[in-house]
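Thanks, everyone; I would like to take a few minutes to walk through the interior of one model, so please have a look at it before I go on.

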Amino acid sequence: MVKDTGKTPGADTFKPVNAPDQIDIAENVQGSPATIRMERRSLGLSVLDRWRIDDEWWREHPVSRLYFDVLLTSGHRFVIYKDLVSGLWYRQAY
C-alpha cells in the first residue's frame with residue numbers, strides 16, 4: 001500500500017503517456033530513413049508506409065510531421081516520424 005502524503009499532486013508529478021522518444025536516424029539522399037542507431041549499433045530498415053500530417057499551423061508551435069511505418073532488420077516494427085519544424089526524428093510509442 002502506498003502511503004498517503006496528504007499533498008496534492010502537481011503538474012510535474014505526472015509523466016505524459018505515450019510521449020515520443022527522440023531517436024538517431026541516418027537518412028538516404030531522398031530524406032527517408034535508411035538506418036536507425038540503437039544501443040550502440042546501426043540497424044537497417046525497410047519503409048512499409050509513409051504519411052504526412054500538417055496541423056495547427058495557426059498556433060505558435062505548428063505540427064508538421066512525416067511519419068514512416070518501418071521494419072528493422074532485427075524484425076521489430078516501429079512508427080517513426082521526422083518533425084519537419086525541428087528536423088529531429090522520434091519513435092512514436094503506442
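Let me begin with a cut-off, since the next step depends on it: a residue is called buried when its relative accessible area is under 20%. This is a predicted model, and in it Asp69 has a relative accessibility of 11%, so Asp69 counts as buried. Asp69 is found in strand E4, and its side chain makes a polar contact of 2.6 Å with the side chain of Arg77. If we leave aside neighbours within four places in sequence, the residues in contact with Asp69 include Ser46, Asp49, Trp51 and Phe78.

Turning to the nonpolar side, the largest nonpolar core has 12 residues in all, among them Ile23, Leu45, Phe68, Ile80 and Trp89. Strands E1, E3, E4 and E5 each give two or more residues to this core, and the largest share, four residues, comes from E4.

Now to the aromatic rings, where the count comes to five pairs. Phe68 and Trp89 have ring centres 5.7 Å apart and planes at 40°, so this pair is tilted; the two residues are 21 residues apart, with Phe68 in strand E4 and Trp89 in strand E6. Phe68 is buried at 0% relative accessible area, and Trp89 is buried at 4%. For Tyr81 and Tyr90, the ring centres are 5.3 Å apart and the planes are at 25°, so that pair is stacked. Tyr81 is buried at 2%, as is Tyr90 at 16%, and ring pairs link both tyrosines with Trp51 and Tyr67 into a cluster.

Methods: Residues numbered from 1 in each chain as written. Predicted model: local features only at pLDDT ≥ 70, side-chain atom pairs only at ≥ 80, totals over all residues. Heavy atoms only, no water. Core = buried A, V, L, I, M, F, W, Y, C linked by side-chain atoms within 4.5 Å. Buried < 20%, exposed > 50% of the residue type's maximum accessible area, 1.4 Å probe, protein only. Polar contact = N/O pair within 3.5 Å; in protein donor to acceptor, adjacent residues only side chain to side chain. Contact = heavy atoms within 4.5 Å. Phe/Tyr/Trp six-rings, centres within 6.5 Å; stacked < 30°, edge-to-face > 60°.
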